[in-house]
Amino acid sequence: MARILTGIQSSGKPHLGNILGAIEPSIKLSQNSENESLFFIADLHSLINIKDSQLRKENTISVAAAWISMGFDYKNNFFYRQSKIQEVCELNWYLNCFTPFPMLSNSHSYKDKSNNLSSVNAGLFTYPILMASDILLYDADIVPVGKDQKQHLEITRDIAKSFNHQYGETLVVPESKIDNKVMTIPGIDGRKMSKSYENTIDVFENENILKKQIMSIVTDSKGIEEKKTPNNCNVFNLYKLIADDSEIIRMKENYEKGNYGYGHAKKELFDLVIEKYKKPRSKYFELIKNQDHIYKILGQGEIKAKKIACTVLERVRNKLGY
Ligand code: ADP
Ligand code: TRP
């Protein structure tokens, strides 16, 4: 049996990049009865950027509702808030002492912002150690994430190996699992889709907002009648990720033969997103109205998750002589 673990920060509503890059592949893995899955909401990580507690809570609910509406079987697995298993903070301290400074200063999450150091808090700098703690605290074997998290997984493995080297086999060294088909989902401006770039397609937003986002996808300025190159176009590249083969071939032919404008393609993409996520969207809107129900589900998951965390932490404390 493999233990699968992944987390999403409570930094906004999950977008198409999160869904294709993390939620769908993780749920697929969790459906294999040989696996046991721990999916959590990284609500301590989101404090790095979000200081408004009400907003963080709303985001937590939203991320939880997204996992449930996408079909995660939370009853037979583990579903919890990172902040409710405080053992992670204790492990975080121990792992701090096994993390070489240059490893953190080379991490992309920090490096990307290091030209403006006054905006960097120590939480952002040590972010990969908390992530390593999230993973190692539960003896995770496999961590499905988007490509942008690959480096964090390498850091996690290095920290675990360094601990094991010093104290003997204690921590499970996890493998990352990155779906090659989805790798990095482009946002509406062609850069990586990310909440921090404000270029997301918010599948769980109302139709008007969703439509506006899709209609604002940046394209070149070719006129309707001109022939177009599908693979150079953000609209086609997004469509390709969710459409089936025959739909992809049809859109590709339309691009190549001309008399097919980007507006047409965007409208098709919008219709497909609505159709493909019809069920999860309606489930999401229903769930979000009953927050107590979501808190109850998480509360039950947290009791189960805490048991694993306590066992692993005790193993670590013993090795450290505490
Ligand atoms: P964001 O960049 O919007 O803040 P998160 O960092 O919360 O997103 O990402 C949560 C999960 O979704 C991670 O596993 C991450 O790799 C995945 N993910 C986020 N954006 C993308 C993307 N554009 N393409 C593929 N996966 C993504
Ligand atoms: N850093 C991840 C992200 O921003 C979220 C995260 C936190 C995570 N802890 C994790 C993902 C542990 C996988 C495993 O996307």
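## Two domains and two ligands

Let's start with how the protein chain is split up: domain 1 covers 2-184 + 291-320, and domain 2 covers 204-276. Notice that domain 1 is written as two stretches of the chain. Keep in mind as you look around that this is a predicted model. If you mark the centre of each domain using the C-alpha atoms, the two centres are 34 Å apart.

So where do the domains meet? The contact draws on 11 residues from domain 1 and 6 residues from domain 2. Together the two domains bury about 700 Å² between them, and carbon and sulfur atoms give 72% of that area. On the domain 1 side, look for Lys13, Leu16 and Leu20: this trio supplies 50% of the area that domain 1 buries against domain 2, more than any other three residues.

Lys13 is worth a second look. Across the interface there is 1 salt bridge, and Lys13 forms a salt bridge with Glu205. The closest N and O atoms of Lys13 and Glu205 are 3.2 Å apart, which counts because the cut-off for a salt bridge is 4 Å. The interface also has 1 residue pair in polar contact.

Which elements of domain 1 give two or more residues to the side that touches domain 2? They are α1 (16-30) and α2 (53-69). The largest share, 4 residues, comes from α1. Sorted by character, the residues on this side of domain 1 are 7 nonpolar, 1 polar and 3 charged.

Now move on to the ligands, beginning with ligand 1. It has 17 residues around it, and the closest are His15, Gly146, Asp148, Ile185 and Lys195. Zoom in on Ile185 and you'll find one of its backbone N or O atoms 2.8 Å from a nitrogen atom of ligand 1. Met193 also uses a backbone N or O atom, this one 2.9 Å from a nitrogen atom of ligand 1. With Ser194 the side chain takes part: a polar atom there lies 2.9 Å from an oxygen atom of ligand 1.

Ligand 2 has 14 residues around it, and Gln9, Tyr127, Met131, Asp134 and Gln149 come nearest. Try the side chain of Gln9, where an N or O atom is 3.0 Å from an oxygen atom of ligand 2. Tyr127 has a polar side-chain atom 2.5 Å from a nitrogen atom of ligand 2. Gln149 reaches a nitrogen atom of ligand 2 as well, with a polar side-chain atom at 3.0 Å.

Methods: Residues numbered from 1 in each chain as written. Chains lettered and ligands numbered in written order. Predicted model: local features only at pLDDT ≥ 70, side-chain atom pairs only at ≥ 80, totals over all residues. Heavy atoms only, no water. Domains from an automatic or database assignment. Contact = heavy atoms within 4.5 Å. Buried area = accessible area lost by both parts, 1.4 Å probe. Salt bridge = Lys/Arg side-chain N within 4 Å of Asp/Glu carboxyl O. Polar contact = N/O pair within 3.5 Å; in protein donor to acceptor, adjacent residues only side chain to side chain. Nonpolar A, V, L, I, M, F, W, Y, C, P; charged D, E, K, R; others polar. Near = heavy atom within 4 Å.
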